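Visitor: I am new to this structure and should be grateful for a close look at a single part of it. Would you please take me through the largest pocket, and then through what is packed in the interior?

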Amino acid sequence: MRLQRFLARSGVASRRGSEDLMTAGRVRVNGEVVRELGSRVDPLVDVVEVDGRVVTLASTPVYIVLNKPAGYVTTMNDPQGRPTVADIVPRDPAGLFPVGRLDLETTGLLLFTTDGDLAHRLLHPRYHVEKVYHARVQGTPSPEDLDTLAAGVKLEDGMTAPARVRLLDPGPPASVEIAIREGRKRQVRRMFLAVEHAVISLHRESFGPIRLGDLAAGAHRALGSEEVAALWRAAGSDV
Ligand code: URA
């Protein structure tokens, strides 16, 4: 298998992160530094090391869903010492990392896995995995505003792809369900700002086939095997 896939599957880093480790010269195969991204390894024969530590394929990948509370940074390690999601998910296994990000103040469903390959696919724009958010926004968006959000709004990094949008409660402040298939930085907040209804609070309800259900804020649970299989299907592959 390709070396970056091996590294991602072993839980060392995401696929992208694994490529960075390789190009930085931190990966050795049978004692030789390998920077070439196309390189292949035989997991049964070759000895792979990262920073001098032998790496093996994680035997059973772990999949966890967290109901992220507000005020936690989505990173496993914050140099500024702020509270991070690593404080509220299990310490083991090593190599558990979040699939994408939620903003500091965003709450709700955040997936974690040791399976870098799946994470990479879920985040890749090609697979268009749908993410459903509930947003509380200032005022009450008009039917035209909702149509604009659904059709695509112009942001500084380009038009947004079509979204599903539904007014849950006119408020004010209104409550709106929005389902997007992209994952740009602060996308939902910027979309609502573009129609002049600033987001007051934002909560992710689902990620592809995975729902939060009645998981309490700050609580987490392991995904069931059906959920894992559904995620792989959403990521364009059967297992
Ligand atoms: N969109 C946002 O604006 N913020 C998030 O945290 C997730 C999606």
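Guide: The following account begins with the pocket and then turns to the nonpolar cores and one helix. Please bear in mind that the model is predicted.

The largest pocket holds about 1300 Å³ of space. Its lining is made up of 47 residues, and those closest to the centre of the pocket are V99, G100, R101, L123 and G183. By character, the lining divides into 21 nonpolar, 13 polar and 13 charged residues. Several elements of secondary structure take part: at least two lining residues come from each of α2 (15-23), β6 (97-98), α3 (116-123), β8 (131-137), α5 (187-194) and β13 (199-207). Of these, α3 gives the most, with four residues.

Some of these elements also appear in the interior. The largest nonpolar core has 27 residues, and the members that touch the most others are F112, I178, M191 and F192. At least two residues of this core are supplied by each of β5 (63-68), β7 (107-113), β8, α4 (143-151), β12 (174-180), α5 and β13. The largest share belongs to β12, which provides four residues. In terms of domains, at least three residues of the core are drawn from domain 2 (63-125 + 209-233), and at least three from domain 3 (130-207).

F192 deserves a closer view. When its neighbours within four places in sequence are left aside, F192 is in contact with A135, V137, L149, V176, I178, H197 and V199. Apart from the largest core lies another, of 20 residues, which includes Y63, F97, V129 and I210.

A helix may be considered next. In α6, which spans residues 225-234, the buried residues are V228, A230, L231 and W232. They pack against β5, β7, α3 and β14 (210-211). Thus α3, the element that gives the most to the lining of the largest pocket, is also among the packing partners of the buried residues of α6. After α6 comes G236, which has a positive phi, near 85°.

Lastly, V12 is placed in the loop between α1 (3-10) and α2. V12 has a relative accessible area of 32%, so it counts as partly exposed. Not counting residues up to four places away in sequence, V12 touches L7, L21, V50 and V55. A216 is 204 residues from V12 along the chain, and the C-alpha atoms of the two are separated by 30 Å.

Conventions:
Residues numbered from 1 in each chain as written. Predicted model: local features only at pLDDT ≥ 70, side-chain atom pairs only at ≥ 80, totals over all residues. Heavy atoms only, no water. 1 Å grid on protein atoms, 1.4 Å probe; cavity = no way out; pocket = protein on both sides within 12 Å on 5 of 7 lines; lining within 4 Å. Points joined across faces, edges and corners; volume = space filled by probe spheres on them. Nonpolar A, V, L, I, M, F, W, Y, C, P; charged D, E, K, R; others polar. Core = buried A, V, L, I, M, F, W, Y, C linked by side-chain atoms within 4.5 Å. Buried < 20%, exposed > 50% of the residue type's maximum accessible area, 1.4 Å probe, protein only. Domains from an automatic or database assignment. Contact = heavy atoms within 4.5 Å.
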